[in-house]
Amino acid sequence: MKMLCPQCGSALPPEAINISTDLAQCPECGRLNRVSACVVADEVSQDVLRQPPPGTWLRQEAGEIVIGAVMRSKAAWILVFFTAFWSGISIFGIYGTQIIDGKFDLGQTLFGIPFLIGTVFLVGITICMIFGHQEWRLDEDGGTVFNGVGRFGKHRRFAWKGLTRIYIRTFRDSEGGTDIKLILEGASPKVEVTPPERKDRQQFILNAIRYYHQQWWRRK
């Protein structure tokens, strides 16, 4: 296990690390850091990037490495049937009957607005779960992570500088549910995103980011 100072990148000798206090002092810059912040992931070979699993991709564009994966979820198909049932019963029952009868009912129309909003929300979530993707664009200074559908979604910019650890963590709530996050610890700003559902896609994205972070350290 390699230990590096997250401030200056210098290797930390064993005598600089105090496990009992969870502190490590860099002999080069003198800064104190938590031991957990100094742990560097094992070296990642470029070989693991040569054959992206189905549903993932890696390509080079002008000045950027692009890594991505589809975010398709098995639960999406259940949501498709639920959304169709919800829309059929609520929307047709409230608005469809008015159209068929040729009569406008203000009270019934207002009553149906929450159901209409719920349908729009469910349709949006369903589209994201079927057609959504995650894409990382990495450059010399850091990168940008995108989650969304097509060009519509959320972008987050981060810097390599200060990044100390890249890992996937499973969180458990009080009701027994789980939430998986891919975390770039120490990045500025901190990145914490939901990775693809499939394990092979998760591991590919994780290894690719770790590999290019290693390359950045070597160029320093």
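These legends accompany close-up views of charged residues in a predicted model.

**View 1. Asp22 and its backbone.** Welcome to the loop that runs between strand S2 (17–18) and strand S3 (23–25), where Asp22 has its place. Take a look at the backbone here: Asp22 has a positive phi of about 60°, although this residue is not a glycine. For context, most residues other than glycine have a negative phi. Is Asp22 buried or exposed? The answer lies in between, because a relative accessibility of 28% makes Asp22 partly exposed.

**View 2. Asp22 meets Arg34.** Stay with Asp22 and follow its side chain to Arg34, with which Asp22 forms a salt bridge. The closest N and O atoms of this pair are 3.4 Å apart. Asp22 sits in the loop between S2 and S3 while Arg34 belongs to strand S4 (residues 32–34), so the salt bridge ties together parts that are twelve residues apart in sequence. Arg34 has a relative accessibility of 53% and therefore counts as exposed, as the cut-off for that label is over 50%.

**View 3. Glu64 and Arg137 across two strands.** Here a salt bridge joins Glu64 to Arg137, and their closest N and O atoms are 3.0 Å apart. How many residues apart in sequence are the parts that this pair ties together? The count is 73, because Glu64 lies in strand S7 (residues 64–70) and Arg137 in strand S8 (residues 133–138). Both ends of the bridge can be checked for exposure: Glu64 is partly exposed, with a relative accessible area of 22%, and Arg137 is partly exposed at 24%.

**View 4. A network of salt bridges.** Now bring in the charged residues linked with the pair from the previous view. Which residues join Glu64 and Arg137 in a network of salt bridges? They are Arg59, Glu61 and Glu135. If you are keeping a tally for the whole model, the structure holds eleven salt bridges.

**View 5. Arg157 reaches Asp139.** The last view shows Arg157 forming a salt bridge with Asp139, the closest N and O atoms being 3.0 Å apart. This pair links distant parts of the chain, 18 residues apart. Arg157 is found in strand S10 (residues 152–159), and Asp139 in the loop between S8 and strand S9 (142–149). As for its surroundings, Arg157 is partly exposed, with a relative accessible area of 39%.

How values were computed
Residues are numbered from 1 along each chain as its sequence is written. This is a predicted model: local features need pLDDT of at least 70, side-chain atom pairs count only at pLDDT 80 or more; totals for chains, interfaces and linings use all residues. Side-chain values use heavy atoms; hydrogens and water are left out. Helices (H or I, at least four residues) and strands (E, at least two) are DSSP runs, numbered from the N terminus. Buried means under 20% relative accessible area, exposed over 50%, partly exposed in between (1.4 Å probe, protein chains only). A salt bridge is a side-chain nitrogen of Lys or Arg within 4 Å of a carboxyl oxygen of Asp or Glu.
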